[in-house]
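Welcome! Open your viewer, get comfortable, and let's walk through this structure one selection at a time.

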Amino acid sequence: QVRLVESGGGLVQAGGSLRLSCAASGRTLSLYTMTWRRQAPGKEREFVADIAWRGGETSYADSVKGRFTISRDNAKNTVYLQMNSLKPEDTGVYYCGGALTGGAYKDWGQGIQVTVSS
């Protein structure tokens with residue numbers, strides 16, 4: 001099992017940027033497909049982006065495409081989510097998750113709050 005810890009959240013004005021980090025311990029992240037999900041108050045958790053463990057292929061939700069970038073640094077055992085041109089509707093708790101060799105997502109961080117003010 002891998003332990004995941006998110007950081008980098010906070011309060012930002014609309015149009016601003018934040019970079020979230022997800023640091024892993026316990027196992028090498030290079031074997032994990034990684035994902036970012038978010039949950040707004042009163043809503044279900046939704047997909048934001050993911051990055052494959054092999055090849056590094058990425059995918060994004062339509063709502064963040066062109067504004068967010070997921071990346072990974074396997075040497076640092078860390079995954080990032082660069083968020084630009086933030087909107088109030090991006091507000092929520094952001095979670096990173098890991099799927100060993102692309103299987104089911106079983107490992108999750110505790111989540112971190114991102115608040116975008118208008």
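Start by selecting Tyr60, which sits in strand β6, residues 58–60. Strands here are DSSP runs of E with at least two residues, numbered from the N terminus. A word before moving on: this is a predicted model, in which local features need pLDDT of at least 70 and side-chain atom pairs count only at pLDDT 80 or more, while totals for chains, interfaces and linings use all residues. Residues are numbered from 1 along each chain as its sequence is written, and side-chain values use heavy atoms, with hydrogens and water left out.

Is Tyr60 buried or exposed? Tyr60 is buried, because its relative accessible area is 19% and buried means under 20%, with exposed being over 50% and partly exposed in between (1.4 Å probe, protein chains only).

Next, show what surrounds Tyr60. Setting aside residues up to four places away in sequence, Tyr60 touches Phe47, Val48, Ala49, Lys65, Phe68, Thr69 and Ile70; a contact means heavy atoms within 4.5 Å. Zoom in on Ile70: its backbone nitrogen is reached by the side chain of Tyr60 at 2.9 Å. For a longer view, add Tyr94, which is 34 residues from Tyr60 in sequence and 14 Å from it in space, C-alpha to C-alpha.

Now select strand β8, residues 78–83, where five of the six residues are buried. Which strands lie alongside? Strand β3 (residues 18–25) runs antiparallel to β8 and is joined to it by six bridges; two strands pair if DSSP finds at least two bridges between them. To see one such bridge, pick Cys22 and its partner in β8, Val79.

Strand β7, residues 68–73, also pairs with β8 in the antiparallel sense, over six bridges. Here, select Thr69, one of the contacts of Tyr60, and find its bridge partner Gln82 in β8. Follow the chain round the turn: β7 and β8 form a hairpin with four residues between them, and Asn77 in that turn has a positive phi of about 55°.

Finish at Asp73, which lies in strand β7. Asp73 is partly exposed, with a relative accessible area of 24%. Leaving out neighbours within four places in sequence, Asp73 is in contact with Thr78 and Tyr80. Its side chain also reaches the backbone nitrogen of Ala75 at 3.1 Å. As a last stop, add Ser17: its C-alpha atom is separated from that of Asp73 by 20 Å, and the two residues are 56 residues apart along the chain.

Notes. A polar contact is a pair of N or O atoms within 3.5 Å; within protein, one must be able to donate a hydrogen and the other to accept it, and residues adjacent in sequence count only if both atoms are side-chain atoms.
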